[in-house]
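I opened this model to look up how its strands pair, how one helix is packed and which residues meet between chains. My entries follow in the order in which I made them.

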Amino acid sequence: MAPSKVVLRFPAAIADKPIIFHLVKDYDLMINILKANINPHKEGTMVLDIDGEKAAAGLDFLRGQGVIVQPITEDVVRNEERCTHCGACTAICPTGALHFERPAMLVRFDSEACVVCQLCVRACLMRAMEVRI
Amino acid sequence: MSEKTFQEINTKIRAGKAVVVTAEELVQLAAEKGVSQVAKEVDVVTTGTFGPMCSSGAYFNFGHSAPRIKFYRVWLNGILAGTGFAAVDAFIGATALPEDDPLNTTHPGEFRYGGGHVIEDFVARKPVRFKAIGYGTDCYPRREIETVVTLDDVNEAVLFCPRNAYQNYNCAVNLGPKTIYTYMGVLKPHLGNAHFSTSGQLSPLLKDPYFRTIGVGTRIFLGGGTGYVVWNGTQHFPSIPALPEGAPPVPAGGTLAVLGDLKQMSPQWLRGTSMLGYGATLTVGIGVPIPVLNEEVCYWASRPDSELYAPIVDYAEAYPNRKPGNLGFVSYAELRSGRITLQGKQVPTAPLSSYAKAREISNILKQWILEGKFLLGEPVQLLPGPDAGITPKTLEVRGPERRDR
């Protein structure tokens with residue numbers, strides 16, 4: 001699994017607990033702390049890169065501890081000017097986020113269904129799919 | 001059987017009385033009223049296609065500098081153009097790449113910019129970096145020039161495509177174990193997807209499979225402007241292979257050589273195109289009007305997606321090694337449904353050419369004709385059809401023994 005970026009918010013009550021330690025020790029995760037602002041008895045925030053098979057379980061553990069977990073999503077956006085509605089992306093897209101509206105044969109992009117795998121970004125003949133961070 | 005002539009139809013167009021429908025509309029009309037009735041009522045059928053067409057390019061006459069130079073090499077936005085004809089003429093091919101392009105060194109290469117993009121930039125009226133070198137002659141003493149040019153600065157700019165508007169094309173699949181990056185797009189392993197590239201029932205040459213109306217001098221929609229069919233395209237193989245009784249005829253692949261004034265064209269209909277792991281090319285918009293001269297022409301022009309078939313070809317092994325044969329045929333109706341069944345497997349399908357844009361082109365061309373500003377060009381010579389017996393030639397390795405042995 002590719003590393004995912006998350007924002008963690010620690011409520012004041014748990015700011016002094018050794019929580020990140022458990023991610024490494026118990027869930028065997030590779031952690032890269034990109035940003036941290038932790039102060040005793042105050043709410044803290046942290047931006048992490050998390051990589052490892054048990055990442056999802058690790059994030060559940062965090063939630064169980066009262067940490068608010070927010071994934072940082074890179075968005076895939078479509079440059080409407082460049083898109084010609086050819087549909088070369090539609091059989092590549094794994095979730096059907098990019099799909100044909102029939103019988104108009106216009107390519108629709110359902111960003112809710114997009115998992116930001118970015119396969120379309122390089123497969124698009126017109127380079128109309130872009131990553132927005 | 002009643003016959004109409006090009007002249008009769010043009011007279012009606014001038015008078016604003018011609019009945020013009022798109023190929024999609026004709027399919028519907030013929031299904032409702034029958035071919036012979038529709039053949040009487042309709043004068044012109046408009047077709048359209050908008051897909052990547054590699055054998056495309058444009059030639060220019062850049063005008064003379066002072067002192068004069070005779071081009072030995074020319075680069076447009078860093079991409080080598082073709083020289084080797086008159087002093088200040090050059091040709092840029094759609095698949096030409098920048099001198100410093102990483103190509104496929106890190107596979108698959110991205111090919112974000114190529115000759116097709118240069119053509120798009122020209123028609124978008126963007127400034128293009130121009131560099132040329134010469135070797136110096138008494139009449140052309142200059143040896144180097146670097147400047148910036150736009151489409152309006154040059155004498156002539158002509159889109160000239162030796163092979164466009166493929167009549168029919170393979171439905172490409174990948175039988176191999178890994179993802180492949182082809183001119184038919186990204187093909188996932190083990191029949192992960194199937195790509196095709198014509199607009200089926202809207203496609204110009206699928207609607208005149210016997211070349212009864214299209215020839216040298218046919219006036220067409222080209223890149224948003226007016227263009228002409230100037231010859232058959234390269235690799236023009238219009239034969240229709242013998243198939244079992246009752247099977248629909250499957251045109252192999254006639255092609256068009258087309259030409260038109262680039263200065264009339266639009267970046268909306270000429271698009272630089274990037275094929276991951278393959279290269280750069282140009283997506284070209286073409287619309288061909290088909291005069292309904294008689295019932296036979298009307299019959300072929302009114303064939304629906306369900307009667308038009310594409311061969312399925314494996315691009316992992318068969319295509320690269322020029323192995324003959326295919327994995328069967330599939331109709332454009334099935335291809336356009338989004339899913340086909342192949343070797344017992346459900347395979348998602350996707351086109352590389354835009355059906356929506358093809359439809360738009362057929363409607364624009366219809367409008368031009370209805371407004372009386374686009375007359376039919378009567379061919380001075382029809383293109384070779386299926387009965388011409390043209391068969392593909394191949395490049396074989398032969399010749400003298402290598403000297404270095």
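**Strand pairing in chain B**

I looked first at R129(B), which stands opposite V148(B) in β9(B). I noted that the model is predicted, that local features need pLDDT of at least 70 and side-chain atom pairs pLDDT 80 or more, while totals for chains, interfaces and linings use all residues. Residues are numbered from 1 along each chain as its sequence is written, and chains are lettered from A and ligands numbered from 1 in the order in which they are written.

I found that β8 (residues 128-133) and β9 of chain B run antiparallel and are joined by six bridges; strands pair if DSSP finds at least two bridges between them, and a strand is a DSSP run of E of at least two residues, a helix one of H or I of at least four, numbered from the N terminus. For β9(B), residues 144-149, I counted zero buried residues among its six, where buried takes 20 or more other C-beta atoms within 10 Å of a residue's own, exposed 12 or fewer, and partly exposed lies in between, with C-beta atoms placed from the backbone.

**Helix α2 of chain A**

In α2(A), residues 55-64, I listed A55(A), G58(A), L59(A) and L62(A) as buried. Seen down the helix axis they fall within an arc of 100 degrees, so they line one face; the arc is taken from the directions from the axis to the C-beta atoms. On the face turned away I noted the exposed R63(A) and G64(A).

**Between the chains**

I recorded 17 residues of chain A in contact with 24 of chain B, contact meaning backbone-placed C-beta atoms within 7 Å.

Terms used:
Contact = placed C-beta atoms within 7 Å.
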